[in-house]
Amino acid sequence: MSLQTRVIDEFQQQFGETPQFIIRAPGRVNLIGEHTDYNDGFVLPMAIDRAVWLAIRPRTDNRVYVTSTAIDTPTDFTLDNLENEGQHHWSEYLKGVTWALQEAGHKLNGWEGVLASDVPVGAGLSSSAAIEMATARAFTAVTPDLAWDPPTMALLGQKAENQWVGANTGIMDQMISAAGEQNHALFIDCRDLSTKSIPLPAGTAVVIMDSATRHTHVDSGYNTRREQCETAASFFAVSHLRDVTTAQFESKSAELEATHDNEVMRRARHVITENERVLQAIAAMQAGDATTMGRLMNESHKSMDQDFEITNEQLNVLAQLAQAQEGCFGARMTGGGFGGCAVALVAADQATDFATAVSQAYDQQTNLQSSIYICQATAGAAILGD
Ligand code: ADP
Ligand code: MG
């Protein structure tokens with residue numbers, strides 16, 4: 001049963017009628033550009049065919065009530081009395097978006113419904129941003145004067161995640177969930193939120209490989225990386241590492257290491273070289289050059305392993321196994337890191353064999369059970385039939 005059918009059925013059972021709105025907000029896979037978003041840099045994610053679905057109807061009072069097919073306790077709150085319970089309960093994502101919309105001056109309408117998702121949790125495919133963008137979309141469905149504008153809603157979702165939930169994430173996840181485009185990756189300049197659709201090289205497929213390891217909530221490793229980047233940016237006397245070129249970095253890297261430490265130097269090197277790789281990746285994708293794109297993905301993985309240190313042993317195994325397979329142009333860990341998924345660019349006609357070979361080898365080597373799927377690029381958050 002598709003998730004769309006599932007949320008409609010569940011809604012029917014709980015509320016005794018058909019839902020008025022069906023909303024879909026996708027998860028994402030990042031092809032290249034990791035931990036560059038909060039450095040005002042460049043990213044190249046795509047929205048995927050795994051998503052958060054909501055079936056809803058408006059309420060006449062000021063309440064939001066949502067059940068999840070995955071979690072027993074519902075989200076239930078009133079719009080004029082938002083309380084952050086700080087328990088990492090899923091309701092905080094919905095409350096956070098509500099709070100951010102209200103802070104922006106919007107008078108909201110209540111709604112109720114059912115949520116279902118096939119974005120794996122904590123796997124680096126951003127189930128949290130998908131929930132945030134689905135919530136924002138739900139409010140636009142039931143609130144007459146609230147318009148849907150992807151960058152505006154992405155910024156409010158990020159504010160919710162940063163200030164309400166307490167995870168200091170960048171803007172990439174919300175932007176791609178809000179603004180994704182079918183059959184395309186999306187180049188995002190995280191400074192001005194301008195976007196450009198980038199087609200996948202002809203004859204290639206994007207394969208997501210879940211290591212079956214997970215990052216934790218509001219990961220302190222993530223927040224530490226952000227602080228180190230800020231330290232490096234102030235050393236270079238810029239607001240964000242986006243403004244440092246590799247040539248500038250190289251001429252001052254020894255001094256950065258001497259005045260701070262080797263770790264800060266390596267963190268900066270990752271971000272600065274990763275931004276350059278994204279720009280090269282876009283040129284390669286536009287030229288249909290899968291070989292160069294793959295090489296850049298491999299280099300990105302190495303940089304995340306050695307300089308930014310956000311991979312884990314299993315993700316390294318997965319990337320290495322993938323890179324060694326026939327038909328694979330390149331592979332890298334994807335998402336915030338410390339567990340989760342890797343992504344590979346593979347010759348489309350070899351993708352099924354690739355998936356089988358990598359999953360067998362990985363499961364044998366690690367005693368874990370990977371899940372590997374060929375994914376499609378989809379559109380961003382939408383009200384169906386809109
Ligand atoms: P991710 O990398 O998937 O974004 P996060 O830790 O940022 O990981 O967000 C995961 C959180 O999102 C979960 O702990 C839960 O609160 C919420 N979530 C994800 N999927 C669902 C779901 N199907 N139902 C309810 N909440 C969900
Ligand atoms: Mg998240």
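How many bridges join strand 2 (residues 42-58) to strand 6? I looked this up first and found two, with the strands running antiparallel. For my own bookkeeping, strands (E, at least two residues) and helices (H or I, at least four) are DSSP runs numbered from the N terminus, and two strands pair if DSSP finds at least two bridges between them.

**Ground rules.** I am working on a predicted model, where local features need pLDDT of at least 70, side-chain atom pairs count only at pLDDT 80 or more, and totals for chains, interfaces and linings use all residues. Residues are numbered from 1 along each chain as its sequence is written, chains are lettered from A and ligands numbered from 1 in the order in which they are written, and side-chain values use heavy atoms, with hydrogens and water left out.

**Strand 6 and its neighbours.** On the strand 2 side, I found Val43 opposite Ile188 of strand 6. I then turned to strand 7 (residues 194-199), which pairs with strand 6 in the antiparallel sense over six bridges. Here Asp189 stands opposite Ser194. The two strands make a hairpin with four residues between them, and I noted a positive phi of about 60° for Leu193 in the turn. I also checked the cover on strand 6 (residues 184-189): five of its six residues are buried, where buried means under 20% relative accessible area, exposed over 50% and partly exposed in between (1.4 Å probe, protein chains only).

**Helix 5.** Is helix 5 (residues 172-179) enclosed or open? I found eight of its eight residues buried, so the helix is largely enclosed by the rest of the structure. Met172, Met175 and Ile176 are among them, and so are Asp173 and Gln174. I listed what these buried residues pack against, counting contact as heavy atoms within 4.5 Å: strand 1 (21-32), strand 2, helix 3 (127-142), helix 4 (150-165), strand 6 and strand 7. Strand 6, then, pairs with strand 7 and also packs against helix 5.

**The whole chain.** I counted eleven helices and twelve strands. The C-alpha trace spans about 60 × 50 × 40 Å along its principal axes. The radius of gyration, taken over C-alpha atoms with a globule rule of 2.2 Å times the number of residues to the power 0.38, is 21 Å, which agrees with the value near 21 Å for a compact globule of 386 residues. I also noted that 57% of the residues count as buried. Among contacts with a separation of 6 or more, 73% link residues 24 or more positions apart.
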